[in-house]
Every structure is written in structure tokens, then in C-alpha cells.
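Let's take a walk through this chain, starting with the overall picture and then stopping at a few strands, a helix and some individual residues. Keep the viewer open as you read.

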Amino acid sequence: MALIVAGCAAAGPAFAQDLPQFVTMPPRLTALTTLAMVPGLPPEDVEQGGSKKASNKAGNDKPLPPQSDNDALRDEKDKDVVVTGVRSSLAQARDKKKKADTIVDIVEADDIGKLPNNTVGDVIASIPGINVFRREGEVDNIQLRGLGGVQTTIGGTPIESGAARVASIADLPSDLVKSVEVYKTRTPDQVDGAGAGTINIQFRQPTDFNYGFTFSGNVAARYNNQARQYNQTYTGIVNYRFETGIGDLGAQLGFTWNKNPFLESQARNDPLGQVQTRQVVGPQILPLPTYAPNQVFFQYTTGARATPSYSASVQWTNDKTSIVLEGNYATPKFDRHTNQLYMPITIQATSTNALPALSNITLVPGTNRIASVTVSPVNQVGPISYLNQENSDNYLLKLSGRHSEDRFDATTEIAVTGSHFDRSQLETRNRFVNRPVYDVEFASDKFRFPMMNLQFRNLDLLDPNQYRFFGVFEDRLRGQNSSIFTRADLTLRTFGNFIDRFQVGMRFTQTQRSRDYGSRNATALQIPLSDLPAGWGKLVPIAEGFGGTGVVNNARWLSYDRSAARDDYAALRQFLTPFFPAFATDELPEDRSQFFRATERSVAAYATAYYNTKLIFPISGLIGARITNWTSSALSYSSRTVRRVVNGVTTDTLLVEPLSGRGNYVSVEPTVTAIIKFSDKFQTRLSYNVGVRRPDVSLVTPFVSFSDVNGFGSAGNPNLRPERTTRYDAIFEYYFGRVGLITINPYYWKLNGSITNFQTEELLENGQDGRLYTVSRPYNAGSGYRRGVEAQAQTFFTFLPGILKNFGASANFTYTESEQTYNSLPGAKSSPPVKAPIFGVAKYVYNVAGLFERGLLNARVSFNYNGTQLDQQFSPIENSSYIIPREWMDAAINYTIPNGPLKNLGFSLQVQNVLASARRSFYGYPDQPRDVIFMARTYGGVIRYRF
């Protein structure tokens, strides 16, 4: 037994779950195993036969207090140890949170795989303060305490997607991740550029594994009840670690491939519009004014996202030094087919002034809003199809080193990162031969949720003879960035009574960004399908939407098969070229209003003093600041539309001229923290921190696009400054048992320099002399705040008798209230509201999870709730759109075979979106739905193997 336990302890936490549930060890082995589980200590630092010493270095960038690990070892030396998979993972995450210099929440690797987590977005969705949106089966947007633009780093190195500043979190697979850290407040040594905090992802490194050859892999498949296909994930990690005369050497290769098919069905009302006085409304007399949605539509989006990801690393380490060369590469490919069917209500169907005729009108009782109506359009209407392909390449190559002596730690790193994004979209439009008559209920009660219901009276949507080819629009967007990032840090230990250590360092980043856009259009055609080239003369029924939702309607129509349309697109281009010369070549005509080339440089230096004193109670913390100088230079274009008369013919001509611009700012970001330890279990953490969020590059480019015809334009703003967030946090932490914790975290975040678009009257340099144009630009035009409280608790009920002690629970709750104020600008077209709610902030967010673990069997149920959010603001404000509270539940059962020829083979049964939740929104009034989007439920399993 002693040999078995020692071997497993050396393997580290990743293999701890292979032990029996309860193992009691003699003191020597107890100490050894406890050290193996100390958070932040990689396995190479575990003492083996007296040849290794415990390091005081934890994580990639942050030293622990010098005494913490050894003290923890001595404190646990004479205690029995309970070694389990989930509990060990929760204990590691909890202890890292307890010892951290700032406010952070952590999810460890063993905890990641216990729910259906395809990407890092799924992993962090249940962390306190995190608010996520889900679209097409994946986490699409992340906010931290109501702030978007959350920065993403890999091992402390910033990464981004395309030309944007934020990373696509769905591009990062969860299976290759060692841990995920969400920093609510930050320390001066962390990279700058985000006001909302940082998500740091740690990938596994070679010396995190046991000596010798190690292999782990899994295969996952879950059935999607709407797409009627299987989500698939395949992962393999191969690691080899061995001892040499000068230290340990390890090499690792990792691979994961994830394919996520989806089908999302949507029924939607557009914003309320006023019934026009010249609109035919039958014999009825309506109140003035009367409102109804401008138009309604059904939308079905099908497709799949396939993401192969690769990682490789080589590491050499000894007692004092570690050198790691690592790389990550992901190439997500997105294939999406969207079919829409728009039907007008209070707006014209085309560019003419003809409005649909309305009849059989019923009003919502006691209001002037239409509840149901019969519509007879004057113009032809028909469906739209979008064929969309998105391909990305994201890479990181990093060389880092660390050297430790009794007096100092030195770390350095150089990294090259980049991302390429390429989206091509083909939009096709058809028209019905006959103008259909249709009945619309804007909030029908025939379905699971109140939603728009549309019924056609005189049209068979599946009859191909009813369709004519109306036109095609094609565009392509390319964005990319490439960065060089370097850092150097020096930590000096004083061994003094007040100042524990000093830390100084520098950061340098240079990033090249670019964006290109092209488009072409052929429209206003009325071509019979039989006259089109091969592949375009045949329509097929679109995917059957609302699968598994109980919704039944007749809104299923014909569209192009996406594969056939792509394969035969060259023939369609050849067919269109005589009438539209822009289709003659493969390359699309450039749209210079979307073009830019930009270079950014950021140089930062910081200094931090870590103190440790006692005023009744022990108090530790840090005082530091980071100073950053950021410069940018960008090239874009001025696009001016000029109307001229040539030989009696009026033509509009586009004049294009290059523009260049520069930007610069210097920011100082102080940080002060204090940790008051009332006891080993209870402490209070206070934090003051300033962070900046740089504006997106597209906003600071000097482009101008305007028209002499209508006097309107849009432009960037090279003088735009970053948003500045001042964060005040206090967190009260109580730790008990091996995994238990209770925390309460009130916070106040003040935002200065909020970026908002305003219309102002301007004299443009390239415009007509003396003419004022109405130009929309982004400005730093206001301030706001987010304030609230987070609460968190987790425990296993070990005090209960029998099997009940194997149950546990975790829960967290976030309350946020927010307000935004705006400053009027000289020349603004209108005065902004003095105060307004902040978009996208949910007042209430909470997560609850039930846990069970007995030996190598464990189970988990997780429930997430996001409260009402303001989504878009309209005039009058009561017509603004709000997202209805969203609920999401996942469940999983996991088991690993402990012995025999199938030892270490694990199984998992998983269900995602147990409640078959829908994403819903409404316009001002709860009985006026905007849309209902049904999200899929998936269920299946995972097979894991470790050798």
C-alpha cells in the first residue's frame, strides 16, 4: 500500500482520483502527498528521495509568500489525508484563491471535465460575476460585472482574435487546459489593456506529469436534439518526462478536435412602428397613433463549427531554473447557413413607397398596440439566404525562463502571437411570384412561450414555381493581428520584518493590425429559376426548425442547397457578368471605408512592494503602480460621394483619398491591497486598483465616409482615449474543512471616459467649402458606475451520516446596479440623456451546483441564471428591448474503473441545457415579445483513458 500511495502522490493531482476514496498514510508519506497537492507546486518540486526541494514559485508570473508552502507542509505533516478527484481539484482552487495577492476565482483541470465543457467559455460560465451569452451552441460573449472586452491571456501572454482586441473564447478548447483564472482585480505585473479584468488560461506543461511516458485521451459525443447530429470531441495528450544529470527534461504533444453542429430557430417581431395615415387599414377606425412591429420574420440558422487545436512544449527544470518552449495553434472553421423570411407590416417591402394593406385588426386590450392583423403586401416579398464561412488561424509561440535563488527570482519571456480571420458571405434573395396574404399574431399563446405566429392564406411555400431569383450580394472581410510580446521581472526578497520583497519589471508589446473588406451586388432581378445556370435552378426545403420545442407552424420554405450553391457559384458569376461587370473576377471590389492598417506599441514598467506587518492582526498586501506609454499610427481612407451631371445624366461618384492618423496616451495605474488575517480560517481582503480599456482599433482609425448628396457621414476618432475603471473591492473570506469557503465581496467600479457615438456638425477637410456635415463619431463622452456584491459558498457535507457525507454544493450570487451619464458635446445634433441604464448589465446573476463523490464515482448538476438586461434603447424609451432572464442547466455522471485491465478508463454521461432553455426578449412591455430563440439540448457521453 505504501508504494502505491507514494507513486500516485508523485503523479500529482491529475491522477489523485485513481486512489481509493479514503487513504490513511504514515507521517512520511502523508507529508509527501500533501506537498504534491500544494497549489502552485509543479510535480518537479516535490521531494523525491531527498533530491528535490519545494519551490516558492507558484504559477507563471506571481511568487507566493516565501513561507506559505513549507508552512502548509509542516501544518499537515501529522494529519490524515483524504485524496479524491473532485475534492482535490476544489481544494487546490480554493487554496490558490486564499493565498492570492488579488481577487481571483480559479477552476482546476480535474474540475473542468466534470460537466459538458467544450470550450473555455463553458468552463467560466459559472464563475461569480461572469455573465455569458450563448449563440449557436457556444458561449458567444463574456461580461465581467457588466463590462465587456474582458482580456484573455495564456500563461500571462495576451492573445486576440482577428483585428479585434479580445479573443474568441470559443476558439480555446477546454481539454488542453490545466486551470482557468478569472482576475476581478489585478496587480501591477499583469499586462494592461482591459478595464474589466483578465481571464488567464494555463495549459499543461511537461513536468506537470509523472516521470516516464504518460498518455491521456478522451472521445466525446453528444446528440443535438435540434440539429439532429452529434457534437464530437477527440483529445489526446502524450507526455514524456525523465531525469538527467542536470535536471528534469520533458516533452509534450496535445491535440483536440471539436465539431459542434447546430440549428437555432427564431421567431421575431421588429421594433414598433406607427401605422401610417396613408396605409389602408380596412373599415376599422384606429386610435391615433396605433403601433405594430415594422415587420416580422422567421430565421433558421444551421451549420457547424469545427476546431482542431494543437499544443506542443519542451521543458527543462532543476531546483533553481526552468526553461519552457511552448506553442499553441488553433484553426476554427465555421460553416453557417441562415435562412430568413421577412414579412412587412408597417413599412414598405422594397424601396418604393407602397405600404401593405392591413385588415382584421385586433388591439392589445387597453392599449393602442396591434395584437393580430391580416396583411396584404403591395410589393413582392420573399426569403433571404446567407451562406457564411469563417476561417481563423490563432497561434502562440513562447520561450520563457525562471531562475530562483534564496535572495531573488528572475523571470523572462518572449512570445509571438497572431490571428487571422477570414469571413466570406454570399447573400441570395428570392421573390414570390404571387403576393401572399398572411395572418400574424405578435404574441401567440399557442406555443411554449408567447411568440410571433405567421400563417399564409394563399401560398404554398414548398412550391418551386412560386419563386423568382431577385439578386445576390457577396462580401468578404479579412482581419489579422500579429504581436511581439516581451517581459522581464525581478523579485528581491528582503527577509525583513515589514517589506517581504520588491518586484519590478517591464513589458513591451508591438502589434500590427489590418482589415480589408470587399463587396459586390446584383439586385432588382426577376429571373425564373429555370433560366439560371446549373445548381441555381433548383431549390430544396430548408431545415425543419423548432425541433424538440413543441412549436408547429407552416413557416418552412425553399432555399439553395449550400454545397451546390458554393460548387456552382462560378457559373452564376459568369451568368451575371454581362449585366454586372463587378462579378467578372474572383476578387471583390474593395470598400476603402472599411480598410485600415495600424501599428500599436505599448511600453510599460511597474514596481511593487509586498509588505507584512501586524496591527492587532497580521496584515499583508502590496503597494505598486504600472506606468504605460501607448502609441498608435494608422492608415485608412476618406470616402466622399459626389453627385455630378455629365451630358445631362446625373451620376454619383465616389472619391477616395488616403488618410493617416496618430494617437498617444500615458496612463498610471496604481494598486493597493491589504489582507487582514483574523485567523487561519477568516480573512478580509481590501483592494484599490485602476485599469484601462483601450478602444477597438476600428474606432481610432482616421477614416471618414460622407456624402455631398445627403450631408451625412461617419468617421473614426484618432484622439479617442481609453476608458478608465477605478475599482474598489472588499472581500470577506471564511475557509473551513478541506474544500469549504464562504465569501462576500462588495464592490464599486467607477468608469470614466465611456465611449459613445454622437452626431455633431463638422466642417470636413475634404468636403465642400463652408458646408457643415452631420458626422457620427465615437467620443469619450461620459462616466458611469457598476456597484454591487458577490457572494460565494461551497462545501461537502462531511458532517452528515452515511452516504449523505458524499454530497456537496456550491453557489454564488452577484447583484449589480449600474448607471451611465453623458456629457453634451459642442455641435451635437441632440442632447443625450443625462442618465441612462447601462446596456447588457444583468442585475441578478447566480449559479447553483449540486455535487456527489463516492470513490471514483461522481456526479454534478449545475444551474445558471442571468437576470433581465437592457439590450437596445429606442425612442420612446418604453419601447426599448430587454432580454428576459435566461436559465441554463447542465448535468453529468462520471466514473473511473479503479483496477483490472481497464484501470483508468473513465466514463461520463452528460446532458447540456437540461431545461431546453430559450433566449427571449421583449419591447418595453412583457406582452410585446421581440424574439424567441430556441437553443438545443444535447445529451451523450465521454470515454476517457489515462495511461
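What follows goes from the whole chain down to single residues.

First, a caveat: this is a predicted model. The chain holds nine helices and 50 strands. Of its 947 residues, 56% count as buried. The accessible surface comes to about 38200 Å², and carbon and sulfur atoms account for 57% of that. If you build a contact map, take the contacts between residues at least 6 apart in sequence: 73% of these join residues at least 24 apart.

Now for a sheet. Five strands line up in the order β3-β8-β9-β6-β7, forming an open sheet with mixed pairing. At the edges sit β3 (104–108) and β7 (157–159), each of which pairs on one side only. From one strand to the next, the twist averages 25°. Zoom in on the β7 end, and you'll find that β6 (residues 151–154) pairs with β7 in the antiparallel sense over three bridges. One residue pair to pick out here is Thr 153 with its bridge partner in β7, Pro 158.

Next stop is strand β15, covering residues 295–317. How many of its 23 residues are buried? The count is 19, so the strand is mostly covered. As for its pairing, β12 (residues 247–269) runs antiparallel to β15, and 22 bridges join the two. In that pairing, Ala 251 stands opposite Val 314 of β15. β15 also pairs with β17 (residues 333–344), again in the antiparallel sense, over twelve bridges; here Tyr 300 has Asn 339 of β17 as its bridge partner. Then there's β16 (residues 321–330), which is antiparallel to β15 and joined to it by nine bridges. β15 and β16 make a hairpin with three residues between them, and Thr 317 is bridged to Ser 322 in β16.

On to a helix. In α8 (residues 569–576), the buried residues are Tyr 569, Leu 572, Arg 573 and Leu 576. Why do they end up on the same side of α8? They span an arc of only 100° around the axis, so they share one side of the helix. The spacing rule behind this is a familiar one: an α-helix has 3.6 residues a turn, so residues three or four places apart point the same way. The cover over the buried residues of α8 includes the strands β21 (408–432), β24 (467–493) and β25 (499–522), along with the helix α7 (562–567).

One of those covering strands, β21, is also home to Thr 428. Is Thr 428 buried or exposed? Thr 428 is buried, because its relative accessible area is 3%, under the 20% cut-off. Beyond its neighbours within four places in sequence, Thr 428 is in contact with Pro 383, Ile 384, Ser 385, Gly 471, Val 472, Trp 536 and Tyr 560.

For a contrasting environment, go to Asp 652 in strand β31 (residues 649–677). Asp 652 has a relative accessibility of 45%, so it counts as partly exposed. Leaving out residues up to four places away in sequence, Asp 652 touches Thr 641, Val 642, Arg 643 and Val 709. With Arg 643 there is a polar contact between the two side chains, at 2.8 Å. Arg 640, twelve residues from Asp 652 in sequence, is 10.0 Å away in space, C-alpha to C-alpha.

Finally, some backbone details to check. Most residues other than glycine have a negative phi, and most peptide bonds are trans. Against that background, the peptide bond from Leu 288 to Pro 289 is cis, with omega near -5°. Pro 289 belongs to the loop between β13 (272–274) and β14 (291–293).

Two asparagines are worth a look for their phi values. Asn 360, in strand β18 (residues 357–363), has a positive phi of about 50° without being a glycine. Asn 913 also has a positive phi, near 60°, and is found in the loop between β47 (905–912) and β48 (918–923). What about their surroundings? Asn 360 counts as partly exposed because its relative accessibility is 46%, whereas Asn 913, at 0%, counts as buried.

Key:
Residues are numbered from 1 along each chain as its sequence is written. This is a predicted model: local features need pLDDT of at least 70, side-chain atom pairs count only at pLDDT 80 or more; totals for chains, interfaces and linings use all residues. Side-chain values use heavy atoms; hydrogens and water are left out. Two strands pair if DSSP finds at least two bridges between them. Helices (H or I, at least four residues) and strands (E, at least two) are DSSP runs, numbered from the N terminus. Axes are lines fitted to C-alpha atoms, for helices over the stretch in contact, and angles run from 0 to 180 degrees between N-to-C directions. Buried means under 20% relative accessible area, exposed over 50%, partly exposed in between (1.4 Å probe, protein chains only). Contact means heavy atoms within 4.5 Å. A polar contact is a pair of N or O atoms within 3.5 Å; within protein, one must be able to donate a hydrogen and the other to accept it, and residues adjacent in sequence count only if both atoms are side-chain atoms. The arc is that of the directions from the helix axis to the C-beta atoms. Accessible areas come from the Shrake-Rupley method with a 1.4 Å probe; for residues, only the protein chains shown count as cover.
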